[in-house]
Amino acid sequence: AGEHDRYQVQMSTDESFAAPTLDTETGEPALAIATPPPGLHHLRIRTLEPGNPPGPWGKPQQVEVPYDHWRALLIFLPVLLLAL
C-alpha cells in the first residue's frame, strides 16, 4: 500500500451490497464507527490508489450485532405485575 492510498469501506445488511448502509473513504486501513443496529452486517474494503482505477473488493466479512433481549422482556413487565 502506498503512502497516499485511501480505502473505501462499505457495510450492508444484505450480501449483495445493493444498498450499503455505510459507504465511506478513509486514509487508514481501519475505521471506527458507532455500533450499528442489531442484526447481521456485511463489510468489505478496497484500496483506492491515486491515478488508478479502484482495486478489487476484498472478501466480505460478516459481523453480527446482538439484540438486547432484556429490553424486549421489559415489554412483558407490566403484564407480569398486573398478574400478581
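## Pocket, polar network and salt bridge

β3 is the top contributor to the lining of the largest pocket, giving 3 residues. The model described here is predicted. The volume of this largest pocket is about 210 Å³. Two elements each supply two or more lining residues: β2 (22-26) and β3 (39-48).

The lining counts 14 residues in total. Nearest the centre of the pocket lie V9, L31, L43, R44 and I45. By class, the lining holds 8 nonpolar, 3 polar and 3 charged residues.

**Overall layout**

The protein contains 2 helices and 4 strands. Read from the N terminus, the order of elements is β-β-β-β-α-α. The protein has 84 residues, and 21% of them are buried. Contacts also reach across the sequence. Of those between residues at least 6 apart, 46% join residues at least 24 apart.

**Two glutamines in β1**

Strand β1 spans residues 6-12 and includes Q10. Q8 is found in strand β1 too. Is Q10 buried or exposed? Q10 counts as buried, because its relative accessibility is 6% and the cut-off for buried is under 20%. Q8 has a relative accessible area of 11%, so it is buried as well.

Which side chains does Q10 meet in polar contacts? One partner is the side chain of D23, at 3.1 Å. The other is the side chain of R44, at 2.6 Å. The side chain of Q8 makes a polar contact with D23, again through the side chain, at 2.9 Å. Q8 also has a side-chain polar contact with R46, at 2.8 Å. D23 therefore serves as a partner to Q10 and to Q8, both of which count as buried.

The table sets out these side-chain pairs, with the salt bridge added.

| Pair | Type | Distance |
|---|---|---|
| Q10 and D23 | polar contact | 3.1 Å |
| Q10 and R44 | polar contact | 2.6 Å |
| Q8 and D23 | polar contact | 2.9 Å |
| Q8 and R46 | polar contact | 2.8 Å |
| R6 and E25 | salt bridge | 3.5 Å, N to O |

The wider surroundings of each glutamine leave out residues up to four places away in sequence. On that basis, Q10 touches F17, P20, L22, D23, H42, L43, R44 and W57. Q8 touches D23, T24, E25, R44, I45, R46, L48 and W57. W57 appears among the contacts of Q10 and of Q8. R44 is likewise touched by Q10 and by Q8. R44 is also one of the residues nearest the centre of the largest pocket. L43, another of those central residues, is touched by Q10. I45, also listed there, is touched by Q8.

**The salt bridge**

How many salt bridges does a search of the whole structure find? The search finds 1. Side chains of opposite charge can pair when their charged atoms come close. Here the side chains of R6 and E25 meet, at 3.5 Å from N to O. R6 sits in strand β1 and E25 in strand β2, so the pair ties together parts that are 19 residues apart in sequence.

Where do the two partners stand in terms of exposure? R6 counts as partly exposed, because its relative accessibility is 35%. E25 is partly exposed too, at 46% relative accessibility. E25 is also among the residues touched by Q8.

Note on methods: Residues are numbered from 1 along each chain as its sequence is written. This is a predicted model: local features need pLDDT of at least 70, side-chain atom pairs count only at pLDDT 80 or more; totals for chains, interfaces and linings use all residues. Side-chain values use heavy atoms; hydrogens and water are left out. On a 1 Å grid over the protein atoms alone, a cavity is a set of points where a 1.4 Å probe fits but cannot get out, and a pocket is an open set with protein on both sides within 12 Å along at least five of seven lines; lining residues have an atom within 4 Å of a point. Grid points are joined across faces, edges and corners, and a volume is the space filled by probe spheres set on the points. Ala, Val, Leu, Ile, Met, Phe, Trp, Tyr, Cys and Pro count as nonpolar, Asp, Glu, Lys and Arg as charged, and the others, Gly among them, as polar. Buried means under 20% relative accessible area, exposed over 50%, partly exposed in between (1.4 Å probe, protein chains only). A polar contact is a pair of N or O atoms within 3.5 Å; within protein, one must be able to donate a hydrogen and the other to accept it, and residues adjacent in sequence count only if both atoms are side-chain atoms. Contact means heavy atoms within 4.5 Å. A salt bridge is a side-chain nitrogen of Lys or Arg within 4 Å of a carboxyl oxygen of Asp or Glu.
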